[in-house]
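Please open the structure in your viewer and keep the selection tool at hand. The tour proceeds by selections, each followed by a description of what is found there.

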Amino acid sequence: MTIGPTDHKIDRLVHLLVRNATVVVPGPKIASEIGVSRSTVWEWIEKLRELGVAIKGHPRHGYQLEKLPDVLVPSLVRAELPNAEIGHKVIHYFRTESTNRVALELGAQAAPHGTVIVAEEQTAGRGRLGRCWYSEKSSGIYASIVLRPPMPPAAAPILTLLAGVAAHDAVRSATGLSGDIRWPNDLLVNGKKVCGILTEMKAEVDRLHMIVLGIGINVNHTSMPDELREIATSLALEGGRHYSRLQILAELLRDVERYYHMHLNEGNAAIVREWSAASSYADGKRVQLKAGGCEASGITEGLDASGALKIRRDDGRQELLVAGEITELR
Ligand code: BTN
């Protein structure tokens with residue numbers, strides 16, 4: 001089930017409450033400023049409360065924020081990113097099937113480079129290799145970025161690594177937690193996955209129309225479902241505190257933009273260098289690899305210039321991994 005993007009008037013309501021955070025704002029004033037009825041204001045306040053936005057109702061006086069909200073509505077995200085290219089346009093959903101799916105649809109309708117789709121909840125979040133992405137309401141970041149890079153489709157995998165490095169840096173600067181990147185771009189904290197990235201593209205054989213970088217970060221989950229507990233965690237579970245999703249998302253978009261420009265200026269070598277510095281999987285890691293129906297074990301030997309992972313298999317052959325997955329062997 002896909003419901004439409006968030007009404008921009010809800011965004012204005014949140015913005016109005018934030019601008020007046022220290023005072024009680026009368027319901028009729030809110031209603032007239034954003035151009036809806038008082039009952040709609042009440043309905044939307046309830047909706048925001050369901051997402052964890054703490055709004056106190058003062059009978060006959062109005063509404064007041066109890067603390068700054070952690071919803072990823074466009075006005076709050078954009079306020080963190082003045083002059084940004086990536087995030088200059090943010091489209092927010094309370095709930096959607098998959099932000100990647102929306103981004104691909106909007107991209108096909110000419111959504112510009114740098115458009116970001118973000119959702120509080122996904123009902124069919126997509127993961128790599130046909131898996132699902134667990135997308136608990138208001139706990140994680142579920143964002144997809146539309147990019148229109150001037151490169152051929154065959155060169156696009158480097159952007160997948162770029163997104164991993166950006167997520168690594170964003171998590172470190174917004175939370176202080178240091179992560180590790182498992183090739184190609186899973187972000188692990190204390191050995192468990194906190195962030196996954198699904199890159200999808202629309203291209204002809206020799207022409208790339210767009211890339212969608214879909215990024216999911218487990219931020220404030222207080223527990224993980226049984227089937228994921230062994231392999232996945234959240235930043236809150238590891239850091240022992242609640243984090244601002246807004247700060248992490250803003251940092252992430254800034255870092256994607258920074259690395260995107262680094263790539264335009266310096267080429268693949270810069271991303272290969274940054275990725276290798278951020279990942280213990282780059283070199284000398286004993287791993288099990290699964291790719292194209294084949295399974296083998298071996299030791300990693302760095303990235304090649306395109307971002308493919310070199311692995312020396314136990315039988316002596318060198319494997320160049322361009323897709324698939326690896327796990328650490330201890
Ligand atoms: C993985 O399997 O590791 C990739 C997970 C990617 C999840 C994100 S959440 C936002 C975007 N929308 C999706 O449907 N998937 C990606």
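The stops below begin at the ligand and then turn to the pockets. Please bear in mind throughout that this is a predicted model.

**First stop: the ligand and its neighbours**

Select the ligand, and then the 20 residues around it. Which of these residues come nearest? They are S98, Q122, R126, R128 and K193.

Three of the contacts may be inspected one by one. Begin with S98, where a polar side-chain atom lies 2.7 Å from an oxygen atom of the ligand. Proceed to R128: here it is a polar backbone atom that lies 2.6 Å from an oxygen atom of the ligand. At K193, an N or O atom of the side chain is 2.6 Å from a ligand oxygen atom. Now display the surface of the ligand: taken alone, the ligand exposes 420 Å², and the protein buries 98% of that area.

**Second stop: the shell by element and class**

Colour the helices and strands next. Two or more residues of the shell around the ligand come from each of α5 (99-108), β5 (140-147), β8 (192-204) and β9 (207-218). Which element gives the most to this shell? It is β8, with four residues. When the shell is coloured by class, six residues are nonpolar, ten are polar and four are charged.

**Third stop: the largest pocket**

Where does the ligand sit? It occupies the largest pocket, which holds about 850 Å³ of space. Select the 45 residues that line this pocket; R131, W133, R182, D186 and K193 are the closest to its centre. K193 has thus appeared before, among the residues that come nearest to the ligand.

Among the elements that give two or more residues to this lining are β6 (180-182), β7 (186-189), β10 (283-291) and β14 (325-328). The elements α5, β5, β8 and β9 also give two or more residues to the lining. By class, the lining comprises 18 nonpolar, 14 polar and 13 charged residues.

**Fourth stop: the second largest pocket**

Finally, turn to the second largest pocket, with about 490 Å³ of space. Of its 23 lining residues, select L68, P69, D70, H242 and S244, which are the closest to its centre. The elements that give two or more residues to this lining are α1 (8-19), α4 (74-79) and α8 (245-266). The largest share, three residues, comes from α8. Coloured by class, the lining shows ten nonpolar, eight polar and five charged residues.

Definitions and conventions: Residues are numbered from 1 along each chain as its sequence is written. This is a predicted model: local features need pLDDT of at least 70, side-chain atom pairs count only at pLDDT 80 or more; totals for chains, interfaces and linings use all residues. Side-chain values use heavy atoms; hydrogens and water are left out. A residue is near a molecule or strand if one of its heavy atoms lies within 4 Å of it. A polar contact is a pair of N or O atoms within 3.5 Å; within protein, one must be able to donate a hydrogen and the other to accept it, and residues adjacent in sequence count only if both atoms are side-chain atoms. Accessible areas come from the Shrake-Rupley method with a 1.4 Å probe; for residues, only the protein chains shown count as cover. On a 1 Å grid over the protein atoms alone, a cavity is a set of points where a 1.4 Å probe fits but cannot get out, and a pocket is an open set with protein on both sides within 12 Å along at least five of seven lines; lining residues have an atom within 4 Å of a point. A molecule sits in a cavity or pocket if more than half of its atoms lie within 2 Å of its grid points. Ala, Val, Leu, Ile, Met, Phe, Trp, Tyr, Cys and Pro count as nonpolar, Asp, Glu, Lys and Arg as charged, and the others, Gly among them, as polar. Grid points are joined across faces, edges and corners, and a volume is the space filled by probe spheres set on the points.
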